[in-house]
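Q: I should like to learn how to read helix packing, sheets, domains and chain contacts in a structure. May we go through them in turn?

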Amino acid sequence: MKAYLVLENGTVFEGEYFGAVGEVVGEIVFTTGMTGYLETLTDPSYYGQIILQTFPLIGNYGVISADLESSGIHAKAYIVKHPCQTPSNFRNEGSLDAFLRERGIIGLCGIDTRALTKIIRKNGVMNGRITAKLPLVSDLDSIKSYRVCEPVAKVAGGGEVKVQGDCKRRVALIDFGAKRAIASALSARGCEVRTFPYNASVETILEYKPHGIMLSNGPGDPADPANAESIENIRVLQSAGIPIFGICLGHQLLALANGYSTQKLKFGHRGANQPVKEISTGRVYITSQNHGYEVIANRTKEQSFVNVNDGTCEGLDYGKCFSVQFHPEACGGPLDTEFLFDRFVDRIDESMKIGG
Amino acid sequence: MLNKNIKKVLVIGSGPIVIGQAAEFDYAGTQACRVLREDGIEIVLVNSNPATIMTDKNIADKIYIEPLSLTTVKRIIAKERPDSILSGLGGQTGLTLCMQLAKSGFLDEMKVRLLGSSPETIDKAEDRQIFKETMQKIGQPCIPSVVANDVETAVEFMKEIGTAVIVRPAFTLGGSGGGIAYDEAQLREIAENGIVLSPIKQILVEKSIAGWKEIEFEVMRDKSGNSIIVCSMENFDPVGVHTGDSIVIAPTVTLADKEYQMLRTASLNIVESLGVEGGCNVQLALNPHSFEYAVIEVNPRVSRSSALASKATGYPIAKVATKIALGYTLDEIVNAVTQTTYASFEPALDYVAVKLPKWPFDKFVYAHKNLGTQMKATGEVMAIADTFEEALLKAVRGAELGMNTLDLPRLADKSDEQIRQLLDSITDHRLFVLYEAIKRGFTIDQLYEITKVDKWFLNGLLNIRNNSQSSNFNGLLYKMVDTCGGEFEAKTPYFYSICNGTENEALPFIENSTKERIVVLGSGPIRIGQGIEFDYACVHCVWALRNMGYDVVVINNNPETVSTDFDTADRLYFEPLCLDDVMSIIDIEKPIGVIASFGGGTAIKLAKPLSEKGIEILGTSAESIDICEDRERFDALLEELELKRPKGFTVMNVVQALQSAETLGYPVLMRPSYVLGGQNMIIAFNSDDIREYMEIILRTNPDNPILIDKYLSGLEIEVDAICDKDGAVLIPGIMEHIERTGVHSGDSIAVYPTVNVDEATIRKLYDITEKLCKSLKVRGLVNIQYVLYESEIYIIEVNPRASRTVPYISKVTGIPMCELATKTAMGLSLSELGRAGGISETPAYTAVKVPVFSFEKLVGLDNHLGPEMKSTGEVLGVGRNLREALYKGLIAAGYKITQIAESGARGVLITIRDSDKPEIAEIAEKLNKCGFTLYATSGTAKLLLSKGFDVHIVEKISDNPRENTATLLGSGKIGYVISTSEKGRDPALDEVKIRRKACTLGIPCLTSLDTANALIDSILSGYNEENTELIDVNRIQDSVGERL
């Protein structure tokens, strides 16, 4: 069935629906990952966005429930040039098309995805509407006015307390829209992980007597006023002397708690090939990334990682607490920086030793 | 940062093109030299292959076209005293030489540092046992295997694991001598052969995991340990088929992120454990039903796969590897395509690239077509598109199989049962058999069960069947390869077409070009008869045009070449060289004309159809090209010019063929019209031959007329000339062939300057060449083959285009032939270019081009030379006189002259056809003088005995199963075989068996008395590898006019 993508600047792409059929508005972002579409689709950080895949062949290995990063799809829609109708993989449970349809997520295929990617690269992220009707000029204002509102509250675990592992180290994972892989990476390293909702009070968290605090990834603008309470909580937890590790939104919130500011990137970093350099060693790692905002790292002393391509801040180290903009938990993407979880565990152990 | 102590570097090339080592190393070596130049480093280059860009004057400071032997390279090092040597860019040949130099202590002695990976690293990667131990140490799974130095160990292992095993000889190219053994008998044969072929007499016997997915990663690692994946690749053919013979897609398509990252991490860990600095290829096998995987092997150097990965992603692996060798780290190296980002990233593709191998079986009808662990392809094409289906169709079209779809006509009349059976054997036609089976309604599940080709690929074939079946050329759009999926702006991209989209990314680049545009057609995949020399010619043409101020567009689909490097032309289209594809590019580029005369037969055959569409063919007109190729028109021209050619007829069937042969008198030369590289060309000695060959020729080309000519056995002479618009003709060089007519010119040893042609004949040759050029209105290059028969000059053929001898003549004479040809094609006169017509003065050196074959890889192919070309590459020997040049050429081509003279193999086995018998006594005499013992089959022996020679009579294989020619060859007593026969080809024949056996055992087999004579003269010449002159070809021209 014919479908149109209308950009807020009036550009129209004509393609076909796949997945669910309907009308949707969202912020279009592109990701360059060639594998990992299941992880991408189910990454809560994409809340409110229309995901555009630059790689044209998506759905090749079908749907594998074990690889999903959350219980559902938080993106608004999915744009793929050629979705695969006949996937092949020993773990495949069904087609991408059916997966999207079952979850009511609209898919658009058959458009010139590269042309769309370049529009976003040149003009910055923009909103778009997928629709079966050719648009009217008046529609553009409504497309333009779309905003992602309080996304964290929409995707973060609703206060459900999950415990993984059974070990001497207790880690409180504050869920701003966490990918499953973060908790798995910690429990694989001998941590008991308890997930707290993004708005859990400091008291609730401290009651658990955590040895470390994990700030998860999540969607939206870190400086969104809705995050103010979380930032304040982080400040208190940090001053309590508990080691903290922040990833992506967690990194940005920790930075905001430490007096940094953030700003929106033109079109963000999304993909599995972003090079970051660890300043102390000069080593370059390939990382998985998905973010539209950056921390303005005006205190060079604390900067630990930097993006090799554009020089943006990729990590900050405050001593006991540290954070990275990229995703060491991968899923999808490279596992090169998994060692950061070991580093976190080391800091926890160090802290436990000192604390007795 | 750059290591400032590096001031002078020796770069070792990969030598002649053989199966398993093709043009990719010229591409890599040329890139490496450019990087060295950028950093102001002096370059000394050694390569025996003259048809390369890397051996060009402007690429290196000192260029030695010398044998790639340990002795010679040592002498070059001692003479030039470089401070460093680059190891990873010259293929297996270059790497092995560097290892030998390092291990012998010679590099230390000469204070030469080995750049790139250390000898320890290379050993860890290349020595099967050390590699296995290293993998075990880091917990990477290897395939259960045993390293064996004898057959019994291999057999023992097979009994122990109880499955089929794969045999891989250590240190051989393209898996030479390997294979899968399903039972003990097979294992014994393959293992024995493999041990013989391995330079260290060692084989790896491993459990067969045939049917697993074969996945490759190209890894780049710097000295700081930063490592990235340039490209992942997945083989269409599961484990069991050599990756060089597999259809390959990049990136991987059937791996979920979990499997992909597991294998990616494994690859990085492996490369880290080996300590590679530079590029490294990692091959892995993945069980399609689990996460189980195994490491197959690694290549700690730039390879065929890395050339493919470079072109598939836009990431210049050879360039980056060289920078790393010089001391840079990945984050210091700028991404050449975007010019704003760095080499420390992983390319993101927004398309797929499909590689299809090009096999020589269309020419070699008797060669075994089964694909296995031993590579058989001579070259490859790559196609880029936004779907697998479209890329595959492009690849098939571009492979020049005469197919625009996946429909192989000869499968049409097979029964379903026959198709079912064909599915069991893996041959070059597997793709088409699968497609035929899909057309016949075989299910995807069924086909998967039989072939283990992943269902994703099979469904792709089904999609082709259900949808278009062929490509749609309406409204093609061009997209760019930019390394980053559009994330960053690209400054020097290249293009590929897609059929559905809205934005044509080539247009802004075309609109920005203010100069006149010219399209240069490339030469497509490397195949027998059309090798690297045509890419050399194209690249020079492009350079000359850019130099003249044109905006140059290249169309080519061969990923192994310099012409498909993104900065060779102003714009590159990675597209098939087929009419519709080319026209679609011309439609948007609107060039002032197309140059078709540098890309070999691939390009030239497009001249006529393009011209018919009103496209200007620059240089010699399509009309003249047609006259040269159309037998009747060509005959008419010769008649008009009163020039002679061997008498001949055109026939359509067996009856006509037999009549014509009777009229001409045997022997006669037969070939289909419109051929390249003497495809299916043979000499018929009698009516049986005619019947056999007609059947073979008509089977492959049923509607093609067949040419039958009188075969004249004379001296073959080859002329390369340049002609301008005023009819001025410059002949840079006249060559003569060592072998008489009857051996294809590409398989003959060619000598420049001539030694057996007198001045008067040379004058006559010039006059005839001038006459032909003028009447054909040649603009640019022309190659003419003559035969001198009983003092008369006959014309064999005229090719109004660049030939395979152009690179070597250019190098030896110092005349930039392609540049002059390009400029004359564009309307400049030779005098405007500062050149007079006539025959150029000859330099003080003689140059000998010696062909190189890949017979050991083509089982079943008769290695007897004939009118059908069989060589895959060539080397050049340059010397002060013919004997020295010939000696060097033969050494470079792999003849172990000194070693054989010094070994116990002092016997020569002679078995020759009747027509050669009058000349054998002279050869026997010389062999006696060299101290060889003569062995001969009864007929030949009788003759030699009658002439008073002492000769051992050997029985034929068919006459005595216990003691015969084959057992003699196996005994180690024989150093050379001289075998000529009237009947050849059929592998069941005794003579063919002897030649194959000699080939398998690595015993030089001479199939022309002329070659034998040349070789023996070379032995008698007294030259050895220590006393030849090392010649810097950059300085040869200085000697012009002072001929000794």
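Q: At what angle do helix α21 and helix α22 of chain B pack?

A: In this predicted model, α21 (residues 622-629) and α22 (residues 631-641) of chain B pack at an angle of about 90°. Their axes lie 5 Å apart. Angles of 65 to 115 degrees count as roughly perpendicular, so α21(B) is roughly perpendicular to α22(B).

Q: Which residues make that contact of α21(B) with α22(B)?

A: From α21(B) come Asp626(B), Ile627(B) and Cys628(B), and from α22(B) come Arg633(B), Phe634(B) and Leu637(B). By class, the contact of α21(B) with α22(B) consists of four nonpolar and two charged residues, with no polar ones.

Q: How are helix α12 and helix α16 of chain B packed, and how far apart are their axes?

A: The angle between α12 (residues 388-398) and α16 (residues 455-466) of chain B is about 80°, and their axes are 9 Å apart. These two helices, α12(B) and α16(B), are therefore roughly perpendicular to each other. On the side of α12(B), the contact is made by Phe388(B), Glu389(B), Leu392(B) and Leu393(B). On the side of α16(B), Gly460(B), Asn463(B) and Ile464(B) take part. The classes in the contact of α12(B) with α16(B) are four nonpolar, two polar and one charged.

Q: Let us turn to sheets. In what order do the five strands of the open sheet in chain B lie?

A: The order is β3-β2-β1-β4-β5 in chain B, and the pairing is parallel. At the edges are β3 (62-64) and β5 (113-115) of chain B, each of which pairs on one side only. From one strand to the next, the twist averages 25°.

Q: How many bridges join β2 to β3 in chain B?

A: Three bridges join strand β2 (residues 42-46) of chain B to β3(B), and the two run parallel. As an example of a bridge, Leu45(B) has Ile63(B) as its partner in β3(B).

Q: Which strands does helix α2 of chain B touch, and which does helix α3 of chain B touch?

A: Helix α2 (residues 70-80) of chain B packs on the sheet and touches β1 (8-12), β2 and β3 of chain B. The direction of α2(B) makes about 155° with that of β2(B). Helix α3 (residues 91-103) of chain B also packs on the sheet, where α3(B) touches β1, β4 (84-86) and β5 of chain B. The direction of α3(B) makes about 125° with that of β1(B).

Q: What does the domain assignment give for chain A?

A: It gives domain 1 (2-148) and domain 2 (153-355) of chain A. Taken over C-alpha atoms, the centres of these two domains of chain A are separated by 27 Å. Contacts link 23 residues of domain 1 of chain A with 24 residues of domain 2 of chain A. On the domain 1 side, β3 (24-31), α1 (37-41) and α3 (113-123) of chain A each give two or more residues. Of these, β3(A) gives the most, with three residues.

Q: Finally, how many residues does each chain bring to the contact of chain A with chain B?

A: The size of an interface is often given as the accessible area lost when the parts come together. Counted in residues, this contact takes 41 from chain A and 45 from chain B. The elements α3, β15 (261-278) and β16 (284-296) of chain A each supply at least two residues to the side that touches chain B. The largest share, five residues, comes from α3(A). By class, that side of chain A has 15 nonpolar, 16 polar and 10 charged residues.

Note on methods:
Residues numbered from 1 in each chain as written. Chains lettered and ligands numbered in written order. Predicted model: local features only at pLDDT ≥ 70, side-chain atom pairs only at ≥ 80, totals over all residues. Domains from an automatic or database assignment. Contact = placed C-beta atoms within 7 Å. Helix = DSSP H or I, 4+ residues; strand = E, 2+ residues; numbered from the N terminus. Axes fitted to C-alpha atoms, helices over the stretch in contact; angles between N-to-C directions. Parallel < 35°, antiparallel > 145°, perpendicular 65-115°, else oblique. Nonpolar A, V, L, I, M, F, W, Y, C, P; charged D, E, K, R; others polar. Pairing = 2+ DSSP bridges.
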